[in-house]
Every structure is written in C-alpha cells, then in structure tokens.
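This report introduces a single protein chain to a reader who has not met it before. Please view the sequence and the model together before reading on.

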Amino acid sequence: MYCKYCGKKLDDGVSFCTGCGKPVQKQIIKSELESRNKKTKKTVTRNVIIAVVLLAIVCVVIGIFNKPGFR
C-alpha cells in the first residue's frame, strides 16, 4: 500500500505515513470493489425478476376473477 498524499510505500498495519505523517486510510483494492459491484448487480437482477414474476401472477389472478360468468 502507498500513501495517497506523498506516494511513499507503507508497511501493513500502520496508522500514519512515515514520510509525510498524514493518517493512513485503508484503501479498497480494485478486485474487492469489483466483487462488491457484482454482488450488487446480482441482487438487483434477482429483485427485478421477483417483481416481474409477482406482477405476472397478479395479472393472471385478476384475469381469472374478471371473466364473465365467474360467479
């Protein structure tokens, strides 16, 4: 990991940069960020599919109950 202020290479677990003294924040690794995005996309896709299926079921039920001569 490198300091985002001065670019000095940092040891693991340090809280402050030994070059400039600024506090070190954990930087998210690109692959970790991509993994989070994939999980989010999967969740959104799953939710959309569930919503479409439920809407289809409601439309079928309404269609059945609205037939002439149902009662």
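## Overview of the chain

In this predicted model, residues 24 or more positions apart account for 8% of those contacts in the chain that have a separation of 6 or more. The chain contains one helix and zero strands. Further values for the whole chain are set out below.

| Property of the chain | Value |
|---|---|
| Residues counted as buried, of the 71 residues | 6% |
| Exposed area | about 6500 Å² |
| Part of the exposed area supplied by carbon and sulfur atoms | 62% |

The helix, α1, spans residues 30-65 and includes isoleucine 64. Isoleucine 64 has a relative accessible area of 42% and is therefore classed as partly exposed, since that class lies between the limits of 20% and 50%. Isoleucine 64 also belongs to a nonpolar surface patch of about 810 Å². The other members of this patch are Ile49, Ile50, Val53, Leu54, Ile57, Val60, Val61 and Phe65.

Aromatic side chains were examined as well. A search of the whole structure for aromatic pairs finds zero. One ring does, however, have a charged partner: the charged end of lysine 22 sits over the ring of tyrosine 5, at 5.0 Å from the centre of that ring.

How values were computed:
Residues numbered from 1 in each chain as written. Predicted model: local features only at pLDDT ≥ 70, side-chain atom pairs only at ≥ 80, totals over all residues. Heavy atoms only, no water. Patch = residues over 30% accessible without salt bridge, like charges linked within 9 Å, V, L, I, M, F, W, Y side chains within 5 Å. Areas by Shrake-Rupley, 256 points an atom, 1.4 Å probe, with all protein chains shown as cover. Salt bridge = Lys/Arg side-chain N within 4 Å of Asp/Glu carboxyl O. Helix = DSSP H or I, 4+ residues; strand = E, 2+ residues; numbered from the N terminus. Buried < 20%, exposed > 50% of the residue type's maximum accessible area, 1.4 Å probe, protein only. Phe/Tyr/Trp six-rings, centres within 6.5 Å; stacked < 30°, edge-to-face > 60°. Lys NZ or Arg CZ within 6 Å of the ring centre and 35° of its normal. Contact = heavy atoms within 4.5 Å.
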